Each structure stands twice: as structure tokens, then as C-alpha cells.
Amino acid sequence: MFASYGAALGYAGNLLLDHQDPITRILGAFTILLGLLLLGAFERLPLAGRTFRPGYHPRAGLAGGAAPGA
């Protein structure tokens, strides 16, 4: 079992190393876009200032507060 995990993760690591430059460029552009979004550069976009909140409200009490980390 551990040998199969090692082989699979080794293959995934080789695959990521082969495509390291494009992955780095894409993630860098994504980071820059998120930074610009936080600075307010995209205020006119409809989803730019939107806040996403889960609709789940846990029960009050000791067990209810520990589940979501509140």
C-alpha cells in the first residue's frame, strides 16, 4: 500500500516538475489579480465586492460551537 502511494506521488511530482514554469506563471498571475482585487482595482465588476457566507447556523452550546470552529 505504501509503495503504491509512493509510486503515485512520485509520478505526480514528476508531472508537476515537468510543467513547473507554466504552473508558476499561472499562479503568479492569479496572485496579482487577487492583489488588485483587494486594492479595489475592479470595483465596477458585479462580483468584486461580494461577500460569500455559508447559510449553515450551528446549534448553540458547546457541541454546536466546536464544529465550525467558532
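1. In this predicted model, Arg-25 and Asp-21 both belong to helix H2, which covers residues 20-39. The two residues are four positions apart, which corresponds to about one turn of the helix. Between them there is a salt bridge, with the closest N and O atoms 3.3 Å apart. The structure holds one such bridge. As background, side chains that carry opposite charges can pair when their charged atoms come close.

2. The surroundings of this pair deserve a remark. Arg-25 has a relative accessible area of 60%, and because the cut-off for an exposed residue is over 50%, Arg-25 counts as exposed. Asp-21, with a relative accessible area of 47%, is partly exposed.

3. How far apart should the ends of H2 be, at 1.5 Å a residue? The expected span for its 20 residues is 28 Å. The end C-alpha atoms of H2 lie 29 Å apart in the model, so the two values agree. Just after H2 comes Gly-40, whose phi is positive, at about 95 degrees.

4. The overall fold may be described briefly. The protein chain contains three helices and zero strands. Read from the N terminus, the order of elements is α-α-α.

5. A nonpolar patch should also be noted on the surface. Met-1, Phe-2, Tyr-5 and Leu-9 form this patch, and together they have about 570 Å² of accessible area. One of these residues, Tyr-5, is placed in helix H1, which covers residues 2-18.

6. What share of the 70 residues of the protein chain counts as buried? The figure is 1%. The accessible surface of the chain comes to about 6,700 Å². Carbon and sulfur atoms account for 67% of that surface.

7. Confidence should be considered before any region is interpreted. The mean pLDDT of the protein chain is 82, and 76% of its residues reach 70 or more. Confidence is highest in H1, at a mean of 94. It is lowest in helix H3, residues 62-66, where the mean is 60. Where pLDDT is low, the predicted coordinates should not be read in detail.

Note on methods
Residues numbered from 1 in each chain as written. Predicted model: local features only at pLDDT ≥ 70, side-chain atom pairs only at ≥ 80, totals over all residues. Heavy atoms only, no water. Patch = residues over 30% accessible without salt bridge, like charges linked within 9 Å, V, L, I, M, F, W, Y side chains within 5 Å. Areas by Shrake-Rupley, 256 points an atom, 1.4 Å probe, with all protein chains shown as cover. Salt bridge = Lys/Arg side-chain N within 4 Å of Asp/Glu carboxyl O. Buried < 20%, exposed > 50% of the residue type's maximum accessible area, 1.4 Å probe, protein only. pLDDT = per-residue confidence, 0-100. Expected span 1.5 Å × (residues − 1).
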